[in-house]
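Good morning, everyone, and thank you for making the time. I would like to take you through one protein model, and I would ask you to keep the structure on the screen while I talk.

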Amino acid sequence: GIHWSEPIVYQLTIAPPFWKTLWFYILLSGGFIALLIFYVRFRERKLMKEKEHLEQVVKERTAEVVAQRDCIEQQHKLVTHQKEEITASITYARRIQQAVLPGVEILSENTADSFVLYKPRDIVSGDFYWLHESKNAVLFAVVDCTGHGVPGAFMSVMGYNLLNDIVNANQAESPAEILKELNVKILQNLRQNNQK
């Protein structure tokens, strides 16, 4: 016959797969936290490097701007100094030009209620007046030379001297004769200056 034995009871424990275990979750959480910390620190380092780089760029640009500002200030001082020198030179030229102009005493001695109003637009000018007393008459001219400022002033001094030369050398008293000779002499002087 058949012999039956007592039933055997086995206790089996089936372990869950490792990805479902508590230690795996703890390890996974720790790894995620470690990765997060690493990423945050990496970003901090990167941001600090970018900040340092930007600070360096700002320092360099600031130094460039300061250098440019100093250069512009230096150029401005130089230009201002040059302008002051030019203005002082032109002002001195005005003193020379006014010294060349005749005194109005000749006019006041020979004509009643006379005056001269001489107000050039610039510091020096191509405008001038001329007076000459001869035996027979007082010659008077008001002249506007071509050019303004310094070129006009050169022309006025040349014109003034030429009028004196013409009247003194040629004893000319006729306005037409004086102007004709003045035209010839001015052209001669300008041609000589152009040839130099």
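I will begin with confidence, then go through the core, the strands and the pocket, and end with one residue in a loop.

Please bear in mind throughout that this is a predicted model. The protein averages a pLDDT of 85, and 97% of the residues score at least 70. Confidence is highest in helix H1, residues 22–100, at a mean of 92, and lowest in helix H2, residues 105–110, where the mean is 74.

Let us turn to the interior. The largest nonpolar core is made up of 16 residues, and those with the most contacts inside it are Phe128, Trp130, Leu163 and Ile178. At least two residues of this core come from each of four elements, namely strand E1 (127–133), strand E2 (138–144), helix H3 (149–170) and helix H4 (175–195). Which element supplies the largest share of this core? That is H3, with six residues.

Phe128 deserves a moment of its own. If we leave aside residues up to four places away in sequence, Phe128 touches a list of residues that includes Leu101, Tyr118, Ala141, Val142 and Val143, and also Ser156, Gly159, Tyr160 and Leu163.

Now to the strands themselves. E1 is mostly covered, in that five of its seven residues are buried. E1 and E2 run antiparallel and are joined by seven bridges, while a hairpin of four residues connects the one strand to the other. If you would like a place to start tracing the pairing on the screen, Asp127 stands opposite Asp144 in E2.

The next topic is the pocket. The largest pocket holds about 200 Å³ of space, and its lining includes Trp130, Leu139, Phe140, Ala141 and Val143, together with Leu163, Glu173, Pro175, Ile178, Leu179 and Leu182. The elements that give two or more residues to this lining are E2 and H4. You may recall that Trp130, Leu163 and Ile178 were also named among the residues with the most contacts inside the core.

Finally, I would like to look at Arg121, which is found in the loop between H2 and E1. Is this residue, Arg121, buried or exposed? Arg121 counts as exposed because its relative accessible area is 67%, and the cut-off for exposed is over 50%. Although Arg121 and His148 are 27 residues apart along the chain, their C-alpha atoms are separated by 8.7 Å.

Note on methods: Residues numbered from 1 in each chain as written. Predicted model: local features only at pLDDT ≥ 70, side-chain atom pairs only at ≥ 80, totals over all residues. Heavy atoms only, no water. Core = buried A, V, L, I, M, F, W, Y, C linked by side-chain atoms within 4.5 Å. Buried < 20%, exposed > 50% of the residue type's maximum accessible area, 1.4 Å probe, protein only. Contact = heavy atoms within 4.5 Å. Pairing = 2+ DSSP bridges. pLDDT = per-residue confidence, 0-100. 1 Å grid on protein atoms, 1.4 Å probe; cavity = no way out; pocket = protein on both sides within 12 Å on 5 of 7 lines; lining within 4 Å. Points joined across faces, edges and corners; volume = space filled by probe spheres on them.
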